[in-house]
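Q: Hey, I'm new to this one. Can you walk me through what I'm looking at?

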Amino acid sequence: MDYIHLNDMEFYGYHGVFPEETKLGQRFRATVTLAVDLKRAGETDELEHTVHYGEAYETCREIIEGKPKKLVEAVAETVAAEILSRFPLVQGVRVQLVKPDPPIPGHYKSVSIDITRGNF
């Protein structure tokens, strides 16, 4: 299996359980990995045999900057489902979603979730 990685994409969204999160918003970072057979793309040098990175990025942006959800798990699940739905060449997807500044007292770098869907 081959992989396309969209690394450390940054977005501003309004997801969270607490009212201030949905009102003020916050930063989110995402790394999305697409499991795709890239052999034909490599042999033909044709875009139709791979996934358009810009379109995959826009799919992630639409969701992460879109309608607020309470849980980052729900955001990641939506990203994974949309990627699998919109891009037929994608056989599996891994979504790593980072919430750098959650409203948790204490010292830490971030919190994140990591989900994998499809054939990876």
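A: Sure, with one term up front: two strands pair if DSSP finds at least two bridges between them. Take strand β3 (residues 92-99) and β4, which are joined by 8 bridges and run antiparallel. Keep in mind that this is a predicted model.

Q: OK, and which residue in β4 stands opposite Leu97?

A: That's Ile113.

Q: What actually holds strands together in a sheet?

A: In general, strands of a sheet pair through backbone hydrogen bonds, either parallel or antiparallel.

Q: Back to this one, then. In what order do the strands of the sheet come?

A: The order is β1-β2-β3-β4, an open sheet of 4 strands with antiparallel pairing. Its edge strands are β1 and β4 (111-118), and each of those pairs on one side only. On average, neighbouring strands here are turned by 15° against each other, ignoring direction.

Q: Where do the helices come in? Which strands does α3 touch?

A: Helix α3 (residues 53-64) packs on the sheet and touches β1, β2 (26-36) and β3. The direction of α3 makes about 35° with that of β1.

Q: And α4, which strands does that one lie across?

A: Helix α4 (residues 72-86) lies across β2, β3 and β4. Relative to β3, α4 runs at about 150°.

Q: Let me zoom out. How many helices and strands are in the chain?

A: The chain has 4 helices and 4 strands. Reading from the N terminus, the elements go β-α-β-α-α-α-β-β.

Q: What about overall dimensions, and how much is buried?

A: Along the principal axes, the C-alpha atoms fill a box of roughly 50 × 25 × 20 Å. There are 120 residues in the chain, and 38% of them count as buried. The chain exposes about 7100 Å², with carbon and sulfur atoms supplying 51% of that.

Q: What share of the contacts joins residues at least 24 apart?

A: It's 62%, taken among contacts between residues at least 6 apart in sequence.

Q: Got an example of residues meeting from far along the chain?

A: Try Lys69, found in the loop between α3 and α4. Lys69 and His15 are 54 residues apart along the chain, yet their C-alpha atoms are separated by 4.9 Å.

Q: What else does Lys69 touch?

A: Leaving out residues up to four places away in sequence, Lys69 touches His15, Gly16, Ala74, Val75 and Thr78.

Q: With those contacts, why does Lys69 count as partly exposed?

A: Because its relative accessible area is 28%, and partly exposed covers what falls between under 20% for buried and over 50% for exposed.

Q: Switching topic: any backbone oddities?

A: Here's some background: most residues other than glycine have a negative phi. Asp8, though not a glycine, has a positive phi of about 50°. Asp45 also has a positive phi, about 60°, and is not a glycine either.

Q: Where do those two sit, and are they buried or exposed?

A: Asp8 lies in strand β1 and counts as exposed, at 53% relative accessibility. Asp45 lies in the loop between α2 (39-44) and α3, and at 70% relative accessibility Asp45 counts as exposed too.

Q: Last thing: which residues form the nonpolar patch on the surface?

A: Met1, Tyr3 and Phe120, with about 300 Å² of accessible area together. Of these, Tyr3 lies in strand β1 (residues 2-13) and is partly exposed, with a relative accessible area of 34%.

Notes: Residues numbered from 1 in each chain as written. Predicted model: local features only at pLDDT ≥ 70, side-chain atom pairs only at ≥ 80, totals over all residues. Heavy atoms only, no water. Patch = residues over 30% accessible without salt bridge, like charges linked within 9 Å, V, L, I, M, F, W, Y side chains within 5 Å. Areas by Shrake-Rupley, 256 points an atom, 1.4 Å probe, with all protein chains shown as cover. Salt bridge = Lys/Arg side-chain N within 4 Å of Asp/Glu carboxyl O. Buried < 20%, exposed > 50% of the residue type's maximum accessible area, 1.4 Å probe, protein only. Axes fitted to C-alpha atoms, helices over the stretch in contact; angles between N-to-C directions. Contact = heavy atoms within 4.5 Å.
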